[in-house]
Amino acid sequence: MKILKDVVGCRLSVVTRSIRYVVGARLATVGTTKRQPTTDNRQPLLALAFIFLATAASAQDIVIRDATILTITHGKIEHGSILVHGGKIAAVGTNDQVKAPANAQVIDAAGKFVMPGIVDTHSHTAVEGSVNEISLPNSGMVRIGDVLNNEDINVYRQLAGGTTTALVLHGSANPIGGQSQIVKWKWGHPVSEWPIADAPRTIKFALGENPKSSNFRPPPGIPAQYPQTRMGVEEVIRQSFIDAKDYTARWDEYEARKKRGENPIPPRHDILMETMVDILKGKIDVHSHCYRSDEIMMLLNVADEEGFKIRELQHVLEGYKVAKEIAAHGVGGGTFIDWWGFKAEAWDAIPYNVALMTRAGVLTSVNSDSDELARHLNQDAAKAMKYGGLSEEEALKLCTLNGAKQLRLDHRIGSIDVGKDADIVIWTGHPFSTYSRVETTLVDGEILFDHTRDLAMRKDMATEKKERLKKEADEEAKNKKNAKPGKSDDEAKPEVTND
Amino acid sequence: MTNEARSASSVAPAARRLDRWRLAGGLLACMIATSAFAQSVILNSPGKKPLVAIRNATIVPVTSAPIPNGTIVFNNGVITAVGANIAIPANATVIDGTGLFVYPGLIDSGSHVGLEEISAVPGTVDTAELGDINPNARAEIAVNPHSNIIPVTRVNGITTVVTEPEGGIISGSSAMIQLAGWTPQEMTLKAPLAMHIHFPRLRSNAFDEAPPDEEAAKEAAKNYTKQIDKLHDTFRDAQAYAKASAARTNNAAIKRIDRDVILEALVPVVEGREPVVIHANLERDIRAALKFADEFKLKVILADAEDVARVIPELKSRNIPVILGPILSLPPHEDDPYDLVFTNAKTLYDAGIPFAIQSQDSHNARNLPYQAAACAAFGLPKDVALRSITIAPAQIFGLADKIGSLETGKLANIIVTDGDPLEIVTHVRRLFIGGEEITLDTNQTLLWEKFKARP
């Protein structure tokens, strides 16, 4: 049942998210949940402010001692140490190579394993309400970054699974969906501090069954939406870029006429068209949901012909069938390792996809598309050793460095290297062992999850919950008593409790 | 048209009807031929149950201590000897197990394997019948022995599964099936295995736990009461039906009653001969389920049960076993500990309550061993995690004389591995079901080979 819920909730996200919206089940909570405004990437002042805050919050130096360090970029260090300073990795090496200041907090990680924070290039976690602006075939004007909820408990749960960075995507209900948001899971921080300052802007495209509404019947009274075929999906994408070029031409003409001293009427500003123009200029990275090999080829061809680039193919379950074409285009692939058969276009999904794409030279990652799976992407990476025989080093990159590269953030995340962000996960054993669990997770040098601390907090939480429930019950009892028939509200005296 | 396709069209009645429309008939024949080809690797069993000895392996019988450098012998589908110093029969096929491990085949205590193919394509899904009360629905009737999911389930060592219906309130009965066989009947170890009740839940819609507003809450409560009443009414009718049937059996003079297949399916249940697997997740629902079970004196197995830690004394006092899983799922409440579902197994183990683990899946039932391992990552002893997908389900479902461990006299459901089957990086090297060696090829490995060779 749970798996089904996952499948329905995420893989067929069009279905449930929109039904949820239609039914109005969540509407009641949408307006009331406290939410911090998101930082707009284009506002440098705010961006600077949150960098400052993040640094201030993680001023404490930390040294992790005596661990097996899986650096990702330069092998394994036995009995290794990492010094964290100012939210960054200041030193990495064997125990004797790493000197730490006397006041640094020491984490004894003897017998434990350390790896960089897991990068999830396909998340819908912390999205408030629906992930789909379902009403238009191209909804590229909307932004997921505007609707992030920093109280989503799944963020904390994912930190407890070692995931620290995520690309939070719009849904797959339309060929061109909304703009997505790259964040760090900075639990406990205002949501304005979540976006990574120098992360690229991104947008979601989607091909196949979801944008053509194959597994979703619109509610009564609502007509079916174009497109209904893969042909229509292609047309929507192509036409959008044709429109964007015309839009640019109109503005160019206007500027030219102005230059000539004429007094032209300016074209109408259109934020959807401006988004499309930014894709053409390479200012927004395209991450496209896709399954079947034919639709993958379609997108690569449209991109070639219309002059834009695809950054990452998402899901890309049949990527192995056209791996050399994907590699030739320099496009990445982020996929589920072993999910298959949940719909017709996932029938030929095989767990060897990751290995076959990797061998063909495709930059490949494993990602979640699920609040649940995002808690153990390390295990999905391990499965690439089992199915298709990737080396441990190659497999470790699937959930760390390769995702960082797909997000164009490998200069700051994805490995344990000096100068990179201190996004670090300490495991009780090798992260590829099913018997291991996360002990501690650091984001930007700050401990945001710790198993021991979590156990202690549970007791406090239980006490607090008990007290609050009691208080509420007491108050209710008191009110009931005061509201006895024959007594008006004015006469009610809460302090009179003789009986 | 190939001969194969011709013969396919000549035997298929549908194709016969379409003979006049050559094109249509030809197309259908091609489809049949294609699907026959696609399933060619799923030859479930060569039909031989040879005398085999695996020696020099680490043998993990589960019910006793691991045997280094041990030998296991099986013949005619049954284990004939297990131990350190076993004489190998002269005519046995000998497998050298040096560096390898031998375990009993793993058992999934709850799945839909065989009952569905592509989740989003209704024509391929046979898990849920219409309506709330379907005790007469029997899983083994709809198991497709040639489902592509079956070989995929085997790759990580699962040889046996409980496959179950899931619709409505009384969903129907499950079957314990071997993942090999040419017909559902050959596959079936025991059916009906248990009656499955998906206990009514107090909720307003399919997506949210809490009713969003007062009106919806009232509606949900009304609907809930209706469902509970329906369940009670059905069981009272079944009790009366059982009583009437028994009375007539003992006394032919008593007036005949018309047969009712729905109530008839519940007779062994109300008479306590067939267990009921009650699926309930939240504390409130579990308590309601226990009350219901008490009233009708049912032999209960509690399933799903994410809130199980809140009802330990109640389960203990009633001696109710639990089927947990999927373990890799989110906690039911926002304020639950993040590891609630991972730690439930340890909680039950500490309390001495028997439990097994289920995938509650079909396509990825193959990940069952990693679900069990997740419990061990959070405190359950590793050997108990292994038991939860071998001997524990066999005991809970009353099949411990046949499956669940490597013991003389049991079915030769055997896997040979290069390590601990609960670790992802371990490979299953050979797999035997009822003494027959079964291929580890799947359509997925075929596609892998095919596209590895793409020029």
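**Figure 1. Secondary structure of chain A in the predicted model**. Let's start with the whole of chain A, where the secondary structure comes to 14 helices and 16 strands. Of the 499 residues in this chain, 54% are buried. Looking at contacts in chain A between residues at least 6 apart in sequence, 69% join residues at least 24 apart.

**Figure 2. Strand β5 of chain A, covered on both faces**. This view takes in residues 113-116 of chain A, which form β5. On one side sit Phe113(A) and Met115(A), and on the other Val114(A) and Pro116(A); all four are buried. It helps to recall that side chains in a regular strand alternate between the two faces of the sheet.

**Figure 3. The strands that pair with β5(A)**. Here β5(A) appears with its partners β1(A) and β14(A). Strand β1 of chain A, residues 62-70, runs parallel to β5(A) and is joined to it by two bridges. If you would like a residue to look for, Thr68(A) has Phe113(A) as its bridge partner in β5(A). Strand β14 of chain A, residues 424-427, is antiparallel to β5(A), with four bridges between them. In that pairing, Val425(A) of β14(A) stands opposite Met115(A).

**Figure 4. Helices α6 and α8 of chain A, side by side**. Helix α6 spans residues 230-259 of chain A and helix α8 spans residues 293-306. Their axes come within 10 Å and cross at roughly 20°. That angle is under 35 degrees, so α6(A) and α8(A) count as roughly parallel. The crossing of α6(A) past α8(A) is right-handed. From α6(A), the contact draws on Arg230(A), Glu234(A), Ile237(A), Arg238(A) and Phe241(A), while α8(A) brings Glu295(A), Met298(A), Val302(A) and Glu306(A). Sorted by class, these are four nonpolar and five charged residues, with no polar ones.

**Figure 5. Chain B and the side that touches chain A**. Chain B has 14 helices and 18 strands, and 47% of its 455 residues are buried. For chain B, too, take the contacts between residues at least 6 apart in sequence: 69% of them join residues at least 24 apart. Now turn to the meeting of the chains, where 39 residues of chain B are in contact with 46 residues of chain A. Two helices of chain B, α11 (368-377) and α14 (443-452), each supply at least two residues of the side that touches chain A. Class by class, that side of chain B has 23 nonpolar, eight polar and eight charged residues.

Methods:
Residues are numbered from 1 along each chain as its sequence is written. Chains are lettered from A and ligands numbered from 1 in the order in which they are written. This is a predicted model: local features need pLDDT of at least 70, side-chain atom pairs count only at pLDDT 80 or more; totals for chains, interfaces and linings use all residues. A residue is buried if 20 or more other C-beta atoms lie within 10 Å of its own, exposed if 12 or fewer, and partly exposed in between; C-beta atoms are placed from the backbone. Two residues are in contact if their C-beta atoms, placed from the backbone, lie within 7 Å. Ala, Val, Leu, Ile, Met, Phe, Trp, Tyr, Cys and Pro count as nonpolar, Asp, Glu, Lys and Arg as charged, and the others, Gly among them, as polar. Two strands pair if DSSP finds at least two bridges between them. Axes are lines fitted to C-alpha atoms, for helices over the stretch in contact, and angles run from 0 to 180 degrees between N-to-C directions. Angles under 35 degrees count as roughly parallel, over 145 as roughly antiparallel, 65 to 115 as roughly perpendicular and the rest as oblique. A crossing is left-handed if the near helix is turned anticlockwise from the far one by less than a right angle, and right-handed if clockwise.
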